[in-house]
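Biologist: I am new to reading structures, and I would like to learn how the words follow from the numbers. Could we go through this one together?

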There are 2 protein chains.
Amino acid sequence: MTTAPRLEALQARIRRRGLDGFLVTQPDNRRYLSGYTACDHGIEETSGVLLIPARGTPLLLTDSRFILQAREEAAGYRVEQYRRGVIPLLEKLLPALSIRVLGFESHYILHATVLRMEKMARRIGCGLVPVTDLVEGMRIIKDREEIGRIRKSVLLNEQVFRLVHSTIEPGMTEREIALAIELTMRELGAERPAFDTIVAFAGNAARPHAVPGERELNTGDLVLIDMGLVLDGYCSDMTRTFIAGRPEKTFTERLRLVRRAQQAATAAIRPGAICRDVDRAARRVIADGGYGDLFGHALGHGVGLAVHEEPRLSPRSRKKLRPGMVVTVEPGIYLPGWGGIRLENMVVVGEEGCEILNEDTTGLDL
Amino acid sequence: MTTAPRLEALQARIRRRGLDGFLVTQPDNRRYLSGYTACDHGIEETSGVLLIPARGTPLLLTDSRFILQAREEAAGYRVEQYRRGVIPLLEKLLPALSIRVLGFESHYILHATVLRMEKMARRIGCGLVPVTDLVEGMRIIKDREEIGRIRKSVLLNEQVFRLVHSTIEPGMTEREIALAIELTMRELGAERPAFDTIVAFAGNAARPHAVPGERELNTGDLVLIDMGLVLDGYCSDMTRTFIAGRPEKTFTERLRLVRRAQQAATAAIRPGAICRDVDRAARRVIADGGYGDLFGHALGHGVGLAVHEEPRLSPRSRKKLRPGMVVTVEPGIYLPGWGGIRLENMVVVGEEGCEILNEDTTGLDL
C-alpha cells in the first residue's frame, strides 16, 4: 500500500485550514497515512503519533518499544524516538519545523493531554487548533484497493461462519461457539476478531450486545451470531439469526419482517441518498409489521480500518451517501424474554445503487 | 463484590473537593464502583458512565444495548437510559439532582467530548472541573478480595503457560504458540487475554513489544513469552525467556544478569520505598553488567482491573509504595539482531517487604 497520495491530499487539507502542521493521534488514521501497523493498548498507551507538516517530510514519533517496527513500516517517514513522552519531543520539533499553528485530533485525544499540550504550546508560542474528522473525511470514501481488502475480509468472515455453523449442535454453549469462531478466524489468517464475537441463544439474544455465556443450546433455540474479523487491517461485520432445528411460525414471520426491512434499506442505498432516509426505509417496514418500538439501534455504520466508522445509518444523520462508502445494513427486533433477530450484511455504494459484499445466505430467506 | 464501601469513600472524596457530583467515564473505574462488567469498544463507544452525586443514590447512564445488563449488575444504582447520547441526558439530570459543580475524569474523556459538555454546562449554569485520578487513587491499594482475585489470575496464567510450554517444539511458529496460549486461556475460564500475547523467537525478541509472526522455531533459538489474562475482572502479566534446547553461555550469562536485576528490585520493594529507587535497583545491576543502554523501558507497573495502572516503577516516579499495591517487576535487555531477555513477576507490597505472587520458575534460575 502506498500512502503517498493520501499524505499529499492531507497536506493540501492542512494548508487549506491555515495550519502549519497536524498531529495525528487516532491509530486507524495513523495506519491509513503511514502504513505503520502497531496497535495501541487503548488511548492511554499510544504506540506513536504522526506529525504532518503542511509541506515536506512527515514524521512518526514513537518510543523504544516500537522504533524498529516504525522504521520498517512507515515508508517515507522520518521516525523520531521519544523517551519522556510525546509532548517534550514536540516542544523541540515544533520550533525546529517552524510550526506555529498546530492542528490536533480533538475527537481522539484525552482532555488531560490537551491541558498539558497547551502548557507546552504557551512556552514555545505555538497555537493549538482542535480539529475533527480531517482524516476520517478522507477515509469515509474507500479506494479500489481498500474495497478489495474489505471484500476479502467479508469473505473470510463468512468462511469462518460457515465452518463453525456446520458444527453447531445441542449441548454446545454460547461461549464454546464464540471461542470456536475466534479460533477459526486466527487459524484462517485473520489478524484478530474485529470485536468481541456475539453468540446468543434464545432470551439472551434480546440484548443487542449480548455476552456469550455458559448456557447450553437446546433444540428449537434461536441462535444469533454477530461476528467480524480484521484481515490486512480491514474489518468485516456480519450477523445471522437462525433456529437450532425447525423454526416455528412466530420466528419465521419475525425473521421475514427483519429481512424485508433489510431489503428495503438496501434498495434505498445509492449515491445521494441521505443516511437517515435509508434508516427510515428499514424502520418503516418494522413499524408497519407492529414492532416499531423494538428496533432500538441505528440501521448501520461505516466499516473500514475501524469496525465502526462514518457514515452512520442513523435516524439523525443527514450525511449523503457517495460512491466508495462501505456500510452495514443491520435491522433487528428485540423482545425481552423471547429473543432477538438481527440480520447484517455489508454493502459498498457504487456509481448507481450499491453492491452487497456478502455471499452467505444462511437463514436469510425462510 | 459489594461496592458500597468504595462508593462511600468516593463520595467523601467528592465532597472534600467541593464538588456536587462526579462523572465516571473510565471503564475500569466504572466496574470498580458499580460491579457493571460491560466492556467498551474503545473510548469512542462507551457502554455507559456513572454519575455520582456527592450524597445519595448513584446513577448509571447507558443505552438500550446495555440496559438489561446494567440493571442486573449495578446493585444500588439507579439506571437511566439515554437515546441521544450522554450529554443531553446530563442536561436533564444535573439540574434535577442540584449538581452545580461537576467533576469529570479529564484523563479519560475525549477533548471533543469536553468541548460539547462545556456548551451544555453553560446552558444550565453548571461548572465543570477537570479531575484526575480520584478513583485511581483508591484503586491503587488493593483490598483483600482484590488480592485474592489477582492471585487467582496469576496462577491461572501460569497454568496456561506451563501447559503450552510443555508442547513447544521446533517447527512451531510464534503465531501458533500465541494462539495456543490465548485459546488455552479461554478454555480454562479466563474472560480474555489481558493484552496481545507476545511470543518472539531470537532476533524478534529484541523488540520489547514484538508481534508474533510466521517464523518457525529452530533448536537453540531464544523464546520470549509475555502473556496475561483477565479472570473475574482482574489481570495478570508474566514474562519468561528460555532457549529451545540447550542454552549457550552468552544466553546464560545475560539471563543471570536480568534475574539478578529482578531479585535486587524485588528486595527493594517495601512500604515507603520510592518507585524510582526500585527501578534504579534493577537498572544498576544491568548497568554494572555492561548492558546499561539496553534496558529501555520502565521496571514495572501496577496491575489490577487494568493491566497497566499506577504505580509505575519508572526512573521518574517519586511515588511511595504502600501495602496493598500490586506491581510487576520486569527488567530486560534487548540486543538488536541477537534477541532480548525479559523476566517478569508480579508482587504485592505487604506490611514489611513484598510477596511474590508467581510460583512458576521456568527458566528463571539457570
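Biologist: What makes Val258(A) buried?

Modeller: Keep in mind that this is a predicted model. A residue is called buried if 20 or more other C-beta atoms lie within 10 Å of its own. Val258(A) has 25 other C-beta atoms within 10 Å, so Val258(A) is buried.

Biologist: Where in chain A does Val258(A) lie?

Modeller: Val258(A) lies in helix α9, which covers residues 249–268 of chain A.

Biologist: Which residues does Val258(A) touch, leaving out those up to four places away in sequence?

Modeller: Val258(A) touches Pro331(A), Gly332(A), Ile333(A), Ile341(A) and Leu343(A). Here a contact means that the C-beta atoms of two residues lie within 7 Å. We can also give a C-alpha separation: Val258(A) and Ala282(A), 24 residues apart along the chain, have C-alpha atoms separated by 8.3 Å.

Biologist: Let's turn to the domains. What does the domain assignment give for chain A?

Modeller: The assignment gives domain 1 (4–139) and domain 2 (144–356). Their C-alpha centres lie 34 Å apart.

Biologist: How many residues of domain 1 of chain A are in contact with domain 2 of chain A?

Modeller: Six residues of domain 1 are in contact with six residues of domain 2. On the domain 1 side, α2 (27–34) and α6 (136–139) of chain A each supply at least two residues. The largest share of that side, three residues, comes from α2(A). By kind, the residues of that side divide into one nonpolar, one polar and four charged.

Biologist: Now the two chains. How many residues does the contact take from each chain?

Modeller: The contact takes 31 residues from chain B and 31 residues from chain A. On the chain B side, α3 (67–73), α5 (111–124) and α8 (174–187) each supply at least two residues. The most comes from α5(B), with four residues. That side divides into 15 nonpolar, eleven polar and five charged residues.

Biologist: Why are the two copies said to be related as by a two-fold rotation axis?

Modeller: In general, two copies of a chain are related by a rotation about an axis and a shift along it. Here, a turn of 180 degrees and a shift of 0.0 Å along the axis lay chain B on chain A with an RMSD of 0.0 Å. The two copies are therefore related as by a two-fold rotation axis.

Biologist: What makes you say that the same surface serves both copies?

Modeller: Of the contact residues of chain B, 100% recur in chain A.

Key. Residues numbered from 1 in each chain as written. Chains lettered and ligands numbered in written order. Predicted model: local features only at pLDDT ≥ 70, side-chain atom pairs only at ≥ 80, totals over all residues. Buried ≥ 20, exposed ≤ 12 C-beta atoms within 10 Å, placed from the backbone. Nonpolar A, V, L, I, M, F, W, Y, C, P; charged D, E, K, R; others polar. Least-squares fit on C-alpha atoms with pLDDT ≥ 70 in both. Domains from an automatic or database assignment.
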